[in-house]
Amino acid sequence: MDFPNFKPDNKSLLKKYLSEAVFRKLINKKTTLGYTLSQAINSGLVNHDSGIGVYAGDEESYDIFSDLLDPIIEDYHGFRKEDNHQSNLSLADLELENPDAGGEYILSTRIRVGRNLKGFPLGSMISDVERKEVADKVKNALSLLEGDLSGNYYSLKNMSDTVKEEMINDHFLFKQGDRFMEASGLNRNWPEGRGIFHNHKKDFLVWVNEEDQMRIIAMQTGADIKSVFQRLATALEQLEKELVFSYIDRLGYISSCPTNLGTAMRASVHISLPQLSNNKELLEEITKNNHLQIRGVHGEHSESKDAIFDISNQRRLGVTEVEAVKDLYRGVVELIRVEKSLE
Ligand code: ADP
Ligand code: CIR
């Protein structure tokens, strides 16, 4: 493979950090399980509009390809090579109020974490047999959840198109055919081994074998961030009794995409900001200063609609879970203050 020719308008972190020297140093390296640089960067080469452009194939990818991945990680999370990750899911440390007690701006709140199982390759390199093994282990652990968290698993293969569409439109289920994941190998043998678990109220959900082996999600209407966080923390405590997650001291929870390392947590609100939607520069300035990311109302790579934005913490590594949620809280309070001042 030759050094890739990136288009001039390519804004990916892959292009930014894949120098010819790094390329030459890494092109013949492989992880013990056999993941190569060309697999790691294929998504970014195929998709010129990638923001990041790389996926890991296993835990060891973050070590073997560190000359490329460490600068990407530092750029995205502000986490340096010498830093160490710390976890804190203690509700007692999350002192915050409802940022929109009057229910004027925030439609819903969602917090998800990504998890992968220790001892298995990540999704871009896992075999069909191993993927099924992961699904079976996860299904078993989910079947043991207690109280309000208990629910059922629905395999994607057995789901009708109508139900699938409804679940996607309602923001519960992952989208189909993501081209970024496709190019990384994450969609191989779709829909085998993929599915969704949810409780009766659909305020606790788990995606199985999408970009990560598990996306564990708590969500509800309104802005009661603490309740959402508490439900997620309780679920994680119960699941950790049954499952061993892939975690390394320096980088925290291991994920397919380097943007999801550490806490692997994305805490988001759907928020209505009609004034700020007419002043995108100010909206972007406030979100940037508060370490927040803006997505569209149907998630990543979607457009916002009717002045409703998906606002979430950008940093997931080098901050604790409590701090990641506080990033969201502080930013949202500021957004609402400014939105009100413009009314
Ligand atoms: P992820 O959250 O796993 O990074 P996406 O950005 O694709 O992935 O979002 C997944 C789904 O979750 C999308 O349908 C998105 O609209 C929905 N979602 C995200 N945040 C919220 C929220 N606060 N309220 C309701 N739905 C949400
Ligand atoms: C990109 O590079 O734009 C895609 N691979 C998505 C990157 C971030 N997505 C994510 O963490 N889910």
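Let's start with E211: one of its polar side-chain atoms sits 3.3 Å from a nitrogen atom of ligand 2. Keep in mind that you are looking at a predicted model. Below is a quick tour of ligand 2, then ligand 1, and finally helix 9.

**Ligand 2**

- E211 has company, since the residues around ligand 2 are S50, G51, I52, G53, Y55, F180, E211, C257, T259, N260, E300 and H301.
- Sorted by class, this shell comes out as four nonpolar, six polar and two charged residues.
- G51 reaches the ligand with its backbone: an N or O atom there lies 2.7 Å from an oxygen atom of ligand 2.
- N260 uses its side chain instead, with a polar atom 3.2 Å from an oxygen atom of ligand 2.
- How much of ligand 2 does the protein cover? On its own the ligand has 340 Å² of accessible area, and the protein covers 95% of that.

**Ligand 1**

- There are 18 residues around ligand 1, and the ones that come nearest are S108, R110, R215, S268 and R295.
- Split by class, the shell holds four nonpolar, seven polar and seven charged residues.
- In S108, an N or O atom of the side chain is 2.6 Å from a nitrogen atom of ligand 1.
- R110 puts a polar side-chain atom 2.5 Å from an oxygen atom of ligand 1.
- R112 also has a polar side-chain atom by an oxygen atom of ligand 1, at 2.8 Å.
- Taken alone, ligand 1 has 560 Å² of accessible area, and 93% of it is covered by the protein.
- Which elements give two or more residues to this shell? They are strand 1 (106-115), strand 5 (214-221) and strand 8 (265-272).

**Helix 9**

- Helix 9 covers residues 225-239, which makes 15 residues.
- Why should this helix span 21 Å? Each residue adds 1.5 Å, and the expected span is 1.5 Å times one less than the number of residues, so 21 Å is what you'd expect for helix 9.
- The model agrees, because the C-alpha atoms at the two ends of helix 9 are 21 Å apart.
- Plenty of names turn up on its buried list: I225, V228, F229, R231, L232, A233, A235, L236, Q238 and L239.
- What covers those buried residues? The cover includes strand 1, strand 4 (204-208), strand 5 and strand 8, along with helix 6 (128-143) and helix 12 (321-342).
- Here's a link back to ligand 1: strand 1, strand 5 and strand 8 each give two or more residues to its shell, and these strands are also among the cover of helix 9.

Technical notes: Residues are numbered from 1 along each chain as its sequence is written. Chains are lettered from A and ligands numbered from 1 in the order in which they are written. This is a predicted model: local features need pLDDT of at least 70, side-chain atom pairs count only at pLDDT 80 or more; totals for chains, interfaces and linings use all residues. Side-chain values use heavy atoms; hydrogens and water are left out. A residue is near a molecule or strand if one of its heavy atoms lies within 4 Å of it. A polar contact is a pair of N or O atoms within 3.5 Å; within protein, one must be able to donate a hydrogen and the other to accept it, and residues adjacent in sequence count only if both atoms are side-chain atoms. Accessible areas come from the Shrake-Rupley method with a 1.4 Å probe; for residues, only the protein chains shown count as cover. Ala, Val, Leu, Ile, Met, Phe, Trp, Tyr, Cys and Pro count as nonpolar, Asp, Glu, Lys and Arg as charged, and the others, Gly among them, as polar. Helices (H or I, at least four residues) and strands (E, at least two) are DSSP runs, numbered from the N terminus. Buried means under 20% relative accessible area, exposed over 50%, partly exposed in between (1.4 Å probe, protein chains only). Contact means heavy atoms within 4.5 Å.
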